[in-house]
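The following exchange examines how the labels given to a predicted model follow from its computed values.

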Amino acid sequence: MFDIGWTELLVIASVAIIVVGPKDLPRMLRTLGQTMGKMRRMSREFQSTFNDALREAEQQADIADMKKQVEDVANFNPLGDLKKSIEEDATKATGKSKDAEPSEKAEAEPPKAEVEAPTKPAETTSNAPVAEATAKSDSKPATEDVKA
């Protein structure tokens, strides 16, 4: 810690014996030990108080986070969220803003979904002449089919 060697300790002890005297040296060392003990206790107390305050602050932060999560769950409205997302999709599709008047929203047509005709198995196979014949027969008027 202080990097004091044996020679430095010997010099300090000899100076203490000369200055304080051999008679009062044990009392001085006892007082020094008690003072060091008090300083260590105060240091530990300060550190424990600081750690307690830190833990309390962390707990309060955790409590605030939990409270916010509970409030978010309490405000959960799946139907409202679904309606809101549908309205947003409808306004995006029609090109109108959210702030449009209710009469405009009522008049607006819902977006038309493009529906592809399902592919027929006949078209995907090698029966192409059959598919062409059915396509031609669909385009002819009904009166011509009856005559033939």
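Q: How many aromatic pairs does the structure hold?
A: The structure holds one aromatic pair.

Q: Why is the pair of Phe 46 and Phe 50 called stacked?
A: The ring centres of Phe 46 and Phe 50 lie 6.5 Å apart and their planes meet at 20°. Rings pair if their centres lie within 6.5 Å, and planes under 30 degrees apart count as stacked; the pair is therefore stacked. Phe 46 and Phe 50 are four residues apart in helix 2, a separation of about one helical turn. Both Phe 46 and Phe 50 are exposed.

Q: What makes the contact of Asp 52 with Arg 55 a salt bridge?
A: The closest N and O atoms of Asp 52 and Arg 55 are 2.8 Å apart, and the definition asks for a side-chain nitrogen within 4 Å of a carboxyl oxygen; the contact therefore qualifies as a salt bridge. Asp 52 and Arg 55 are three residues apart in helix 2, or about one helical turn.

Q: Why does Arg 27 count as exposed, and what does Asp 24 count as?
A: Exposed means over 50% relative accessible area; Arg 27, at 58%, therefore counts as exposed. Asp 24 has 30%, between the limits of 20% and 50%, and so counts as partly exposed. The side chains of Asp 24 and Arg 27 meet in a salt bridge, at 2.7 Å from N to O.

Q: How do you know that Lys 38 is exposed?
A: Its relative accessible area is 51%, and exposed means over 50%. Lys 38 lies in helix 2, residues 25–74, and gathers with Arg 40, Arg 41 and Arg 44 in a patch of positive charge on the surface.

Methods: Residues numbered from 1 in each chain as written. Predicted model: local features only at pLDDT ≥ 70, side-chain atom pairs only at ≥ 80, totals over all residues. Heavy atoms only, no water. Patch = residues over 30% accessible without salt bridge, like charges linked within 9 Å, V, L, I, M, F, W, Y side chains within 5 Å. Areas by Shrake-Rupley, 256 points an atom, 1.4 Å probe, with all protein chains shown as cover. Lys, Arg positive; Asp, Glu negative; His and termini not counted. Charge placed at Lys NZ, Arg CZ, Asp CG, Glu CD. Helix = DSSP H or I, 4+ residues; strand = E, 2+ residues; numbered from the N terminus. Buried < 20%, exposed > 50% of the residue type's maximum accessible area, 1.4 Å probe, protein only. Phe/Tyr/Trp six-rings, centres within 6.5 Å; stacked < 30°, edge-to-face > 60°.
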